[in-house]
Amino acid sequence: MQYPEYRPRRLRRTDNLRRLTRETRLSVDQLILPLFVLEGEKVRQEISSMPGQYQLSVDELVREAEQAAKLGIPGVLLFGIPGHKDPSGSDAVSDEGIVPRAVRALKRAVPELLCITDVCFCEYTDHGHCGWIDEAREVDNDRTLEMLGEQVLAHARAGADMVAPSGMMDGMVGYLRETLDEDGFESIPIMSYSAKYASAFYGPFRDAVGSAPRFGDRRAYQMDPANALEAMREVTLDVQEGADIVMVKPALAYLDIIRRVKDEFDLPVAAYNVSGEYSMIKAAARLGWLDEQRMMLETVLAIRRAGADIIITYWARDLARILH
Ligand code: PBG
């Protein structure tokens, strides 16, 4: 009979031993909370496929942001739901559009909280695609870049602290960097959705903002879930074009991509724990099939362990409360 010489169990025996030897730690410093803003006043409409998440009018958004700041969350990521959608997504480029108004209100009320804006057109166009649709019913890359340039300037003029372009257009980061710099916004960082996959995990989000494409899908601009090397090419381009933070999205089904990006690049890596990852756990918890709090912690821990420096998550509030 041979007894083991080294016994890994020795370090697992008590809470304090486990605390001392824990390799991955979660901190509220690493979290970004996504928020949805829409027209109106005193509106706080729960999103049916995302329990615990709300469509908020600007006044309610401010209250939510104040609460996030009190919880120590460093930043929020804003998504706009315009009152009016049209083929060119005109609300997105207007200084009086929903997001610029929300940014101004947030910066007045909670100036220290980082106000990050999602830069894309799918929430604003009546066809639900992420840019300008040409005669062949495809998204016109370069025309969309010009539209994104106008949008990013509207956000910058309103006082956004960081912009997060999510449209997966080619040359997007370089174009937006140049646009910002030319208008004197050289100190606004770009957090790029660099490796963004065409994913079924965005389903609940598209309910939340009404952005499901009316025809076709996004596979011509978002990435094929089968590809990993392509993600490295996408991140390389964004780094060369001047991205300050690179993002992988979704997170859970792409932990290998997060790890590769973390190993190969020296920029901060963000991961987006998307709507479907949140909602499937919420749903199973409601059915009593699993423990939401433990699932949440394990999920976010896994994303951290894979290499994410920053996690964008609908659980940011709940996590902040637990971590305090
Ligand atoms: C595009 C955008 C999407 C998400 C963030 N930015 C949706 C899409 O590409 O269809 C999804 C976020 C989530 O699912 O939580 N503006």
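This short talk covers the ligand site and the salt bridges of the structure above. What we are looking at is a predicted model, and every value I give is computed from it.

Let me start with the ligand. Its surroundings comprise 19 residues, and those that come nearest are Lys196, Arg206, Lys249, Ser275 and Tyr314. For two of these, I can give a polar distance: a polar side-chain atom of Arg206 lies 2.6 Å from an oxygen atom of the ligand, while for Lys196 the corresponding distance, again to a ligand oxygen atom, is 2.7 Å. Gln222 also takes part, with an N or O atom of its side chain 2.8 Å from an oxygen atom of the ligand.

How much of the ligand does the protein bury? Taken alone, the ligand exposes 410 Å², and the protein buries 100% of that. The space that the ligand takes is, moreover, the largest cavity. If you want to trace the shell on the structure, the elements that give two or more residues to it are strand S7, residues 191-196, and helix H6, residues 203-209. In composition, the shell divides into 10 nonpolar residues, six charged ones and three polar ones.

Let me now turn to the salt bridges. Side chains of opposite charge can pair when their charged atoms come close. With a cut-off of 4 Å between the side-chain nitrogen and the carboxyl oxygen, the count comes to 15 salt bridges. One of them joins the side chains of Asp15 and Arg18, at 3.4 Å from N to O. Both residues belong to helix H1, which covers residues 15-21, and they lie three residues apart, about one turn of the helix.

Terms used: Residues numbered from 1 in each chain as written. Predicted model: local features only at pLDDT ≥ 70, side-chain atom pairs only at ≥ 80, totals over all residues. Heavy atoms only, no water. Near = heavy atom within 4 Å. Polar contact = N/O pair within 3.5 Å; in protein donor to acceptor, adjacent residues only side chain to side chain. Areas by Shrake-Rupley, 256 points an atom, 1.4 Å probe, with all protein chains shown as cover. 1 Å grid on protein atoms, 1.4 Å probe; cavity = no way out; pocket = protein on both sides within 12 Å on 5 of 7 lines; lining within 4 Å. Sits in = over half its atoms within 2 Å of the grid points. Helix = DSSP H or I, 4+ residues; strand = E, 2+ residues; numbered from the N terminus. Nonpolar A, V, L, I, M, F, W, Y, C, P; charged D, E, K, R; others polar.
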